[in-house]
Amino acid sequence: ELSFDIYYKPEKPVQLKVYYVGVGVANYSDADWNLKYSGNDVRDISERLGYYGNTVVLDTLIDSRASRQGILEMKKKLMNTTVDDVVILSFSGHGLKNKDSGFYFAPWDMDFEKPWKRGISMQEISELLEDIPARKRLLMLDACHSGEDLAFDYSGKLAAGVTESKPRGGTSERLLDTSAAPGTKSRKRPKGTVEAPNASQR
């Protein structure tokens, strides 16, 4: 059996670009759900990527600009990439998980009582990157429960290639208690929905 190595050298070097889109919500339309650092997360990433000459920051949707409509409309800009480009899409903010319909990222205009009305589902997040010309795509999610829809299959078991880590001397928990700390305002959680403090709050 013969094998061959084939090398292709284009006439001109391929000039790939890295396109970044960041979504961060710290100040929500419902101020009871405000965070501290989500907007800064997006600013810091865009600043770091800016050190590289081939990086193009398509947009940073922060706070009121990160509405449901504004986030979904980013697909139009991503369609202007080329096959050799790299797309990085990051989200930082609240994440909620409904027992019936799964994970939702909370945009600025989130309805926390009915997350399925205004929330960005995992399917909608995936569709932002689907069918765009760029073949290399990176998605970063800094939101509670964002990994659960990806880690578990439809039977409720861990998906192939995913392992569950348990702290030494204890058991792992998938959902965290969000009881209000002493002296803070307690937030009413929608029925059937769980939400926990994420890294942006710490």
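How many Å should the twelve residues of helix α1 (residues 38-49) span, and how far apart are its end C-alpha atoms? Select α1 to check: at 1.5 Å a residue the span should be 16 Å, and the end C-alpha atoms are 17 Å apart, which agrees. The expected span here is 1.5 Å times one less than the number of residues in the helix.

Before going further, note that this is a predicted model, in which local features need pLDDT of at least 70 and side-chain atom pairs count only at pLDDT 80 or more, while totals for chains, interfaces and linings use all residues. Residues are numbered from 1 along each chain as its sequence is written, and side-chain values use heavy atoms, with hydrogens and water left out.

**The whole protein**

Show the protein as a cartoon. Six helices and eight strands appear; these are DSSP runs, numbered from the N terminus, with helices being H or I of at least four residues and strands being E of at least two. Their order along the sequence is β-α-β-α-α-β-β-β-α-β-α-β-α-β.

Switch to a surface. The protein exposes about 12,900 Å², and carbon and sulfur atoms supply 50% of that area; accessible areas come from the Shrake-Rupley method with a 1.4 Å probe, and for residues only the protein chains shown count as cover. Of the 202 residues, 38% count as buried, a term for under 20% relative accessible area (exposed is over 50%, partly exposed in between; 1.4 Å probe, protein chains only). Contacts are heavy atoms within 4.5 Å. Among contacts between residues at least 6 apart in sequence, 68% join residues at least 24 apart.

**Back to helix α1**

Within α1, select S38, G39, V42, S46 and L49, which are buried. They cover an arc of only 115° around the axis, which puts them on the same side of α1. That arc is taken from the directions from the helix axis to the C-beta atoms. Now add β1 (18-24), β2 (55-62) and β3 (86-92): the buried residues of α1 pack against these strands.

**T81 and its surroundings**

Next, select T81, in the loop between α3 (74-78) and β3. Is T81 buried or exposed? T81 is buried, at a relative accessible area of 6%.

Look for two polar contacts (N or O atoms within 3.5 Å; within protein, one able to donate a hydrogen and the other to accept it, with residues adjacent in sequence counted only if both atoms are side-chain atoms). The T81 side chain reaches the backbone oxygen of L78 at 2.9 Å. A polar atom of that side chain also lies 3.2 Å from the backbone nitrogen of A134. Leaving aside residues up to four places away in sequence, T81 touches Y19, V87, P133 and A134.

**Aromatic rings**

Finally, show the side chains of Phe, Tyr and Trp. Their rings (for Trp, the six-membered one) pair if the centres lie within 6.5 Å; planes under 30 degrees apart count as stacked, over 60 as edge-to-face and the rest as tilted. The whole structure holds three aromatic pairs.

One of them is W33 with F112: the ring centres are 4.0 Å apart and the planes at 0°, so the pair is stacked. W33 sits in the loop between β1 and α1, and F112 in the loop between β5 (102-105) and α4 (115-118), 79 residues apart. W33 is buried at 4% relative accessibility, and F112 is buried at 3%.

Move to F91 and F105, whose ring centres are 5.1 Å apart with planes at 70°, so this pair is edge-to-face. F91 lies in strand β3 and F105 in strand β5, 14 residues apart. F91 is buried at 2%, and F105 at 0%.

For the last stop, add Y28 to W33 and F112: these form one aromatic cluster.
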